[in-house]
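User: I'd like a close look at one part of this model, and then at how other parts are built. Take your time and keep it chatty.

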Amino acid sequence: MYAIVDIETTGGHASANGITEVAICIHDGKKIIQRFSTLVNPGRDIPIFIRALTGITNEMVQEAPPFEDVAADIYHLLHGKIFVAHNVNFDFSFIRYHLGRAGYDLQCSKLCTVRLGRKIMPGMPSYSLGKLCRHLGIDNESRHRAAGDAEATAQLFSLLLQNDTSNHIKEALKQRSREQVLPANLPKKDIDQLPFSPGVYYFHDQKGKVIYVGKARNIKKRVCSHFSGNNPGLQRQEFLRNIHHVSYQDCGTELIAFVLEAVEIKRLWPKYNRSLKRFEHAYGLYAFEDQSGYLRLAVDKRRKLTNPLYTCNSLLDGRNLLLRLIDDFELCPKFCFIQTNNEPCTGANEQLCACTGHETVEDYNKKVNRAIDELKQALPTFAIRDEGRKNDEHSCILVEKGQFYGMGYISHYFNADNLEQLKNFLTPYPSNDYIRNMVANYAIKYPERTMVFGG
């Protein structure tokens, strides 16, 4: 037995919107044997654009029952049936969420007439309900009303049952299929071709634009996890509706996948990625020349299009670094903005300090340059050699003077101890502090996979 369902709502996601109308057609596999339809008082205003689309006004639902009053009838109609709808995950998410609030736990198999239509009737110009019905000659005089759309979906479902010569419906209902949890517009073949290896995956919209980038230790398992559960939130429901295609890059190791994800999010700026878009260390150590020609060191907030000598998470970290350089190289605390009062300089040689004019520009700048050189030399150059995508290769990540240089894949037999030669086999990528710290921490954790250059 099938329950063909259509609903009208006040918005696009269940957790913050109400249902205004519910229609259910019970179908025995040949014909409709029972119909149920009711307006529902959503307990909130119906937005004007939805009123215009559906024709359901606030006045029409004012005397209608709230969902809690019809929940028992709806639950008993759906319980034990196969839940069928056009873009089933939308209708199911609303019905299940509001039944749950009323104390009913709906658990049933689902069928999506969008997905089934693509399989059983391929080549249609569109699989939206209205255009599909017009193409197939199905009348629907109450478009965007639950009863009319449920009736039209039931007629469409009858045609799908009649034309299903390849048993797509039977296959979709198999417990192992899990196809009905997929977004309506995502072909199952996209999931079937995903590997079980580490990598980066991309969700694309209808025009092919990347809308989400993710990394995974197991690409197929991670991609499928996006579609499990029935989260009724706005972001997830909108996200699922916009997924039309999945692509991927095999990476060999989880570390390569983590790095590539960070690079790709910065490059593509996908709509649904929130994390990693703005991650940067908050402060940097900068060097600049003042009007008198003296080199000055200062810790300041990171700003776009600047290249600090060193980055740090907090102002305190930067201050401690500056204090060490001041002590080690006898720099002027005032010229490093550590001492900001008008008192005499607290440096080691305050009587001969640059801030009093007793130390020449040339002599002072030599000390600053030595401090900068030591800071740069302290930044490591190393490569991480790890598993590759195939048995005959290794993955390789290079950090040069503390900055992420790039990554790629090299032969098992390649001797990677020559830095310049190694760089010829790697693809350079933009560096950022998130990547640098992630790679550095991995090198500390797995020293046996790390090759240090120049030390």
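The part I have in mind is the open sheet with the order 7-6-8, so please start there and move outwards.

Analyst: Some ground rules before the tour. This is a predicted model, so local features need pLDDT of at least 70 and side-chain atom pairs count only at pLDDT 80 or more, while totals for chains, interfaces and linings use all residues. Residues are numbered from 1 along each chain as its sequence is written, and side-chain values use heavy atoms, with hydrogens and water left out.

Now to your sheet. It's open and has 3 strands, which pair in the antiparallel sense in the order 7-6-8. A strand here is a DSSP run of E with at least two residues, a helix is a run of H or I with at least four, and both are numbered from the N terminus. Two strands pair if DSSP finds at least two bridges between them. Strand 7 (210-216) and strand 8 (245-250) are the edges: each has a single partner strand, so one side of each has no neighbour in the sheet. From one strand to the next, the twist averages 20 degrees. Angles like this come from axes, which are lines fitted to C-alpha atoms (for helices over the stretch in contact), and run from 0 to 180 degrees between N-to-C directions.

Strand 6 (residues 199-204) is antiparallel to strand 8, with 6 bridges between them. If you want a spot to zoom in on, valine 200 stands opposite glutamine 249 in strand 8. Then there's helix 12 (residues 254-268), which lies across strand 6, strand 7 and strand 8 and runs at about 165 degrees to strand 7.

Aromatic rings turn up here too. Tyrosine 201 and phenylalanine 203 are both buried, where buried means under 20% relative accessible area, exposed means over 50% and partly exposed is in between (1.4 Å probe, protein chains only). The structure holds 17 aromatic pairs. The centres of the tyrosine 201 and phenylalanine 203 rings are 5.5 Å apart and their planes are at 55 degrees, so this pair is tilted. For the cut-offs: rings of Phe, Tyr and Trp (its six-membered ring) pair if their centres lie within 6.5 Å, and planes under 30 degrees apart are stacked, over 60 edge-to-face and the rest tilted. Ring pairs also tie Tyr201, Phe203, Tyr212, Phe227, Phe239 and Tyr272 into a cluster.

Just before strand 6, have a look at leucine 194, in the loop between helix 9 (188-192) and strand 6. Its relative accessibility is 4%, so leucine 194 counts as buried. Not counting residues up to four places away in sequence, leucine 194 touches Ile219, Lys220, Val223, Val246 and Tyr248; contact means heavy atoms within 4.5 Å. With one of these, valine 223, leucine 194 has a sequence separation of 29 residues and a C-alpha to C-alpha distance of 8.7 Å.

Moving outwards, there's another open sheet of 3 strands, antiparallel in the order 10-9-11. Strand 10 (295-301) and strand 11 (310-312) stand at its edges with a single partner strand each, so each has one side without a neighbour in the sheet. Direction ignored, neighbouring strands of this sheet are turned by 30 degrees against each other on average. Strand 9 (residues 283-289) pairs with strand 10 over 7 bridges, and alanine 287 stands opposite leucine 297 in strand 10. Helix 13 (residues 315-329) lies across strand 9, strand 10 and strand 11, at about 165 degrees to strand 10.

The loop between strand 9 and strand 10 holds aspartate 290, which is buried at a relative accessible area of 15%. A polar atom of the aspartate 290 side chain lies 3.0 Å from the backbone nitrogen of glycine 293, and a polar contact of 3.1 Å joins the side chains of aspartate 290 and arginine 296. A polar contact is a pair of N or O atoms within 3.5 Å; within protein, one must be able to donate a hydrogen and the other to accept it, and residues adjacent in sequence count only if both atoms are side-chain atoms. Apart from neighbours within four places in sequence, aspartate 290 is in contact with Arg296 and Phe335.
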